[in-house]
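Student: I would like a close look at a single part of this assembly, followed by an account of what lies around that part. Please keep the answer connected.

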Amino acid sequence: MTEKNEAFFEIQNLTVEYHSGNAIIHAVNDVSLSLSQGETLGLVGETGAGKTTIARAILRILPEHSVESVSGKVMFEGKDILEMNARDLHDLRGRDISMIFQDPMTALNPVKTVISQIAEGYKLHHGCPQAEANERAIKMLEMVGIGANRAYEYPHQFSGGMKQRVVIALALACSPKLLLADEPTTALDVTIQAQVLDLIKDLRDELGTAMILITHDLGVVADICDKVAVIYAGRIIESGTKEDVFDHPAHPYTQGLFAALPDLEKEVERLSPIEGLPPDPSVIRKGCDFMERCPHRCDRCTSFDNNMVELSTGHFSRCYRTGNEEA
Amino acid sequence: MAALLEVRNLKKYFKSPGGTVHAVDDVSFEIEEGKTVGLVGESGCGKSTLGRTLIHLNESTEGTIVYKGKDVTHLNKKEMVAFRREVQMIFQDPFSSLDPRQTVSDIIKEPMLLSKSMSKAKVEERTEELMDTVGVEKRLRMSYPHELDGGRRQRVGIARALALNPKFIVCDEPVSALDVSIQAQILNLLMDLQEQMGLTYLFITHDMSVVKHISNQICVMYLGQMVEKCDRNELFAHPTHPYTRALLSAIPTTDIHAKKERILLKGEIKSPIDPGEECRFCSRCIYAKEECKKAQSLTEISPGHFVACCRAKELTDT
Amino acid sequence: MADHTHNKKGGGHHHRGHGKKGKRHHIDPGIKPGSAKYIWASISHNKGAIFGMVFLTAMIVLSLLSPVICRYNYAATDFEMMKSWPSIKHLFGTDDLGRDILSRVLYGARYTLIIGILSTLLSAVLGILLGACAGYFGGVIDAALMRFLDIFQAFPSLVLAMAFCAVFGTGIDKCIYALGITGIPGFARLMRANILRIRNTEYIEAATTINCPTWKIILQHIIPNAVSPVIVEIAMGISRNGLASSSLSFLGLGVQEPRPEWGAMLASTRNYIRDYPYMVIIPGIFIVFTVLSFNLLGDAFRDALDPNFRD
């Protein structure tokens, strides 16, 4: 590992398998990624690609009864989260790393006021008096645009967008170094989504928080991220800076995703969908995962070794064609 | 050309413990045969209620619905049966719009068996034909909905809607529960079907880029009212109502180099319970003035372009 | 930037999936969920359900055959063999009157089973009807029925059953009525909630749009989707009522001596629990296993009947 590779957060060869009946679901296959302080990574993929599993593995909140195995390393400031004991893990969650869930309705406790929910976590991690924790909670609420006059209300008194703001305040109360945001705006309307994304951006810049944003929406990634990793069938198939991936998408799947989106600027007769369906995650395949749906497939794909190909510094694609025939 | 469907001053109110919910409030529009009208708006704006009222899943409170020149606002049982052969619906959630205890072929056959207009053999034949049309493999005939992915389920829902050769289909967010790559498949299918069968769609969605892709005409709804209505290209070239502008500017685009000025709306949508006379958008509107505190009505600002905003004329110049 | 040229780890993976779909537990993917064959396949692959079925079948057969296969009559007292610990002669020992506990336990199974099953069916039939009416018609009918059932639910069911027995007398039939009536609100609420849930789904709307008449919607779409939780509840109800019948008998309100109802057996021997614990433990074990068997069967039914369960 070189000096530069000592990112403060790094996932190395993370593999997660679930069991379902007597089949093994290969949810995450050999995923590696890294993040520097203050950086935002967009993790893009479709339903079932393994995005949420990665986030849950990072915080070790995978559903225990169905996990078959977790291997690899999740390094946070030099320590492997997967090897941590309960005590360290407790300190880590919520204080160093916190998570925003997709559904703000279920992420808040309906029988506690929002201020007490935010103050609780802060008190727990800082061991400070209640008054100080409350003060912090009010400051956080004000930061996300909720006045102190609403601090003593219950979650059901807030609308969807406001609830998501509360969730964000809750996640940022302990000034975490890393924020995992799992589809934070998917449940919201576009105008509210715009407000919330702006808020997340502002707070991230103000607090210098690094962030992993999980989403299926390329538009959201374009808006907020520095780096992008595209995930397909549990594997990262393309990664690089936002400019790399958006201006020069290299992997046929990434290209397909862009082509399938109706574009406001362009007029097309028909969209170009990616034909077929994602592969069955319970089957280990030989060769490229995307092969069956790929418009460029050829014989060599069946023997593809699934290694990343580096196109330019930091821009990787898991397709043997990239770097050869691609510009 | 005469409109296939015409809606005049349609209102749908619901009673709730807090007062009267104005889900659809005085909405008028028409749809020409073979065309698609897109109905856009955010959650709670009444677009789904409007769609459901059109096909009589709700009974309207006031107003008239004219289909093929005939008033269909109130129908008796017999008329309803005939009406629903021509007017069908595709639902939003492919996970809940199919009965979990019916097989794919049972679901597609049901409308035909209920209509009693075909022999058993004909029904079988037509079922296979429909599965072919919507692109569901025949080997899945005996599968249950939960065994299919979202895209296939939605195809089955489309096949059910097509079974009786309808003329007009209300599509209620048919792609919003689907992944991008699958969404494109279903949108293409809907457009192909329209071309082949001359279908007319009312396409309800919250997604501006989808509505732009599929519609000829677009209606924008806000809190039960129509705030802007015009040709698709006109709407995107000259969005006029402040809400339409905000909606368009809020769409996250995949063009990372576009420098877009985003209009951030203040606050959130008001409650639809007894909303009062004033412009329903004015509390969030950046252009709001004293004069906005009164009822707004759709006015034609250029041929075919209707806006419900008293400052529309001024805004078109900005 | 991290090293992204990672190799596929050698060895780590191997394919272990058996079923093509990988979703059904050991069940042939050719069998359609929802079919009787599927339900049977699912249940017969469930170890708990097999235990429950084997135990309950054994209890029923042994109970019916007990007059033939048991060496002693369940009511025959033998004053020379009072309070004798389990031995070859009396496998489960004898009670304070010298009656053979094995014969009594086996014969007595019929009371628990009959009371449990009949009382649950009584509450299920009435509860489903009331709940379906309340859920489907809504409004005033719903409110009236539900408030009426609230009155029943205001009392703990055992207390209500005790009151019923105290007023109408003791005996097997009274015990069935008492437990049956107290179980109605549970079934009615379950059915009502199911119907309300299903009534608002899009597939019921879809059925309306394809001109499906109301009676067909109820019969073909609502009821098939509403009954499976009820079937599960019936299995659970039998175990609950079997236990309650033992409780009533234990309190002297249910089946009367000398009939060897398990609860009554517990009651009559409870004074000997210190010196002769087997007298209490043996009927207790049978109560526990019977309740457990029905619960396991109920769970297995839940898995087998719900096609969405494993998604």
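Student: Which exposed residues does the face of α4(B) turned away from its buried side carry?

Tutor: The model is a predicted one. On the face of α4(B) turned away from its buried side, the exposed residues are Ala121(B), Lys122(B), Glu125(B) and Asp132(B). The rest of the helix can be read against that face.

Helix α4 of chain B covers residues 120–134. Its 15 residues, at 1.5 Å a residue, should span 21 Å, and the end C-alpha atoms are 21 Å apart, so the expected and computed lengths agree. The buried residues in α4(B) are Val123(B), Arg126(B), Thr127(B), Leu130(B), Met131(B) and Val134(B). Because they cover an arc of only 140° around the axis, they sit on the same side of α4(B). The spacing follows a general rule: an α-helix has 3.6 residues a turn, so residues three or four places apart point the same way. As for partners, the buried residues of α4(B) pack against three helices of chain B, namely α3 (104–115), α5 (150–162) and α6. After α4(B) comes Gly135(B), which has a positive phi, near 80°.

One of those packing partners, α6(B), leads to the contact with chain A. That contact takes 30 residues from chain B and 36 residues from chain A. On the side of chain B that touches chain A, at least two residues each come from α6 (180–197), α7 (208–214) and α9 (242–250) of chain B. The largest share, seven residues, is that of α6(B). Sorted by class, this side of chain B has 15 nonpolar, nine polar and six charged residues. So α6(B) appears twice in this account: the buried residues of α4(B) pack against it, and it is a contributor to the side of chain B that touches chain A.Chain B also touches chain C. Here 19 residues of chain C are in contact with 22 residues of chain B. The elements of chain C that give two or more residues to this side are α7 (202–209) and α8 (214–250), and α7(C) gives the most, with six residues. By class, the side of chain C that touches chain B has seven nonpolar, eight polar and four charged residues. Chain C itself has 10 helices and zero strands. Of its 311 residues, 41% are buried. Among the contacts in chain C with a separation of 6 or more, 66% are between residues 24 or more positions apart.

Chain B, in contrast to the helix described above, also holds a sheet. Four strands form this open sheet in the order β2-β1-β4-β5 (chain B), with antiparallel pairing. At its edges stand β2 (19–32) and β5 (70–71) of chain B; each has a single partner strand, so one side of each is left without a neighbour in the sheet. Two bridges pair β5(B) with strand β4 (residues 62–67) of chain B in the antiparallel sense, and the bridge partner of Tyr67(B) in β5(B) is Lys70(B). Helix α1 (residues 47–54) of chain B lies across β1 (3–16), β2 and β4 of chain B and runs at about 65° to β2(B).

Chain A, on the other side of the contact with chain B, has an open sheet of eight strands with mixed pairing, in the order β6-β7-β8-β3-β9-β10-β12-β11 (chain A). Its edges are β6 (97–100) and β11 (309–312) of chain A, each with a single partner strand, so one side of each has no neighbour in the sheet. From one strand to the next, the twist averages 20°. β6(A) runs parallel to strand β7 (residues 178–182) of chain A, and four bridges join them; in β7(A), Leu179(A) is the bridge partner of Ser98(A). Helix α6 (residues 160–172) of chain A lies across β6 and β7 of chain A, at about 170° to β6(A).

One residue of this sheet can be followed further. Thr241(A) is in strand β10 (residues 235–241) of chain A. It counts as partly exposed because it has 17 C-beta neighbours inside 10 Å. Leaving aside neighbours within four places in sequence, Thr241(A) is in contact with Asp226(A), Lys227(A) and Gly314(A). Thr241(A) and Thr313(A) are 72 residues apart in sequence, and their C-alpha atoms are 9.8 Å apart in space.

Definitions and conventions. Residues numbered from 1 in each chain as written. Chains lettered and ligands numbered in written order. Predicted model: local features only at pLDDT ≥ 70, side-chain atom pairs only at ≥ 80, totals over all residues. Buried ≥ 20, exposed ≤ 12 C-beta atoms within 10 Å, placed from the backbone. Contact = placed C-beta atoms within 7 Å. Nonpolar A, V, L, I, M, F, W, Y, C, P; charged D, E, K, R; others polar. Expected span 1.5 Å × (residues − 1). Arc of directions from axis to C-beta. Pairing = 2+ DSSP bridges. Axes fitted to C-alpha atoms, helices over the stretch in contact; angles between N-to-C directions.
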